[in-house]
Amino acid sequence: MSVKTNHFAKAAMLIRKPISDVFDAFIDPEITSKFWFTKGSGILKEGKTTDWTWEMFNHTVSVSAILIITNEKIRIQWGDDPEAIVEWTFKSLGASKTFVTITNTGFKGTPDELISQIRDATGGFTWVLAGLKSYLEHNIELNLIADRYPKELN
């Protein structure tokens, strides 16, 4: 993926697990639901659309898998906007270490709206990676996404 503007969000983290474990955590909703969304309608498959649901927020988004290269890259379209792209890249740093980078592009709006969207996406994907790290490395479900926006504050 080539980022053509500075309108992108990026988060990255080392996960101390084999690349196949880390890759599968984003493909298989049974795993992903332990650290990000609460329910997925199916495994990510290139050319297919999948629904991801955050039940605590009563929110569902449809994502379309544009590209899947096993243990290397996942690229999805987020929602209906063909320019709203999220890409994961996976780099093995040995038998039991994987560096994951998530890049989100396609933001639109005024300068203030862009800043807000980029800030929220960067923070959100950082929470996702922290939750993934906790779950895969220590088998702990931290509930970071739900706890970031507790319903008592609404």
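The hairpin of E6 and E7 has five residues between its strands, and within this hairpin Gly 94 takes a positive phi near 120°. Strands, labelled E, are DSSP runs of at least two residues, while helices are H or I runs of at least four, both numbered from the N terminus. This is a predicted model, in which local features need pLDDT of at least 70 and side-chain atom pairs count only at pLDDT 80 or more, whereas totals for chains, interfaces and linings use all residues. Residues are numbered from 1 along each chain as its sequence is written, and side-chain values use heavy atoms, with hydrogens and water left out.

From the hairpin, we can follow its two strands. E6 and E7 run antiparallel and are joined by eight bridges; two strands pair if DSSP finds at least two bridges between them. One residue to look for is Ser 92, which stands opposite Thr 98 in E7. E7 also has a partner in E1, again antiparallel and over eight bridges, and here Ala 12 has Thr 101 of E7 as its bridge partner.

Now step back to the whole sheet. It is open and antiparallel, with seven strands in the order E1-E7-E6-E5-E4-E3-E2. At its edges are E1 (8-15) and E2 (39-40), each of which pairs on one side only. Two bridges join E2 to E3 (residues 49-54), and these strands run antiparallel. Gly 40 finds its bridge partner in Trp 52 of E3.

Helices come next. H3 (residues 111-138) packs on the sheet and touches E1, E6 and E7, its direction making about 15° with that of E1. Such angles run from 0 to 180 degrees between N-to-C directions, with axes fitted to C-alpha atoms, for helices over the stretch in contact. H1 (residues 19-27) lies across E1, E4 (59-69), E5 (73-78), E6 (85-92) and E7, running at about 165° to E6.

Why is E7 described as largely enclosed by the rest of the structure? Seven of its eight residues are buried, so the description follows from that count. Buried means under 20% relative accessible area, exposed over 50%, and partly exposed in between, using a 1.4 Å probe and protein chains only. Asn 104 is a good residue to visit in E7 (residues 98-105). Asn 104 counts as buried because its relative accessibility is 10%. A polar atom of the Asn 104 side chain lies 3.2 Å from the backbone oxygen of Ile 85. Leaving aside residues up to four places away in sequence, Asn 104 touches His 7, Phe 8, Ala 9, Ile 85, Val 86, Ala 121 and Phe 125, where contact means heavy atoms within 4.5 Å.

Thr 32 offers another stop, this time in helix H2 (residues 29-32). With 1% relative accessibility, Thr 32 counts as buried. A polar atom of its side chain lies 2.9 Å from the backbone oxygen of Asp 28. Beyond residues up to four places away in sequence, Thr 32 touches Ala 25, Phe 26 and Phe 37.

Which helix gives the largest share of the lining of the largest pocket? That helix is H3, with nine residues. A pocket is an open set of points on a 1 Å grid over the protein atoms alone, with protein on both sides within 12 Å along at least five of seven lines, and lining residues have an atom within 4 Å of a point.

Key
A polar contact is a pair of N or O atoms within 3.5 Å; within protein, one must be able to donate a hydrogen and the other to accept it, and residues adjacent in sequence count only if both atoms are side-chain atoms.
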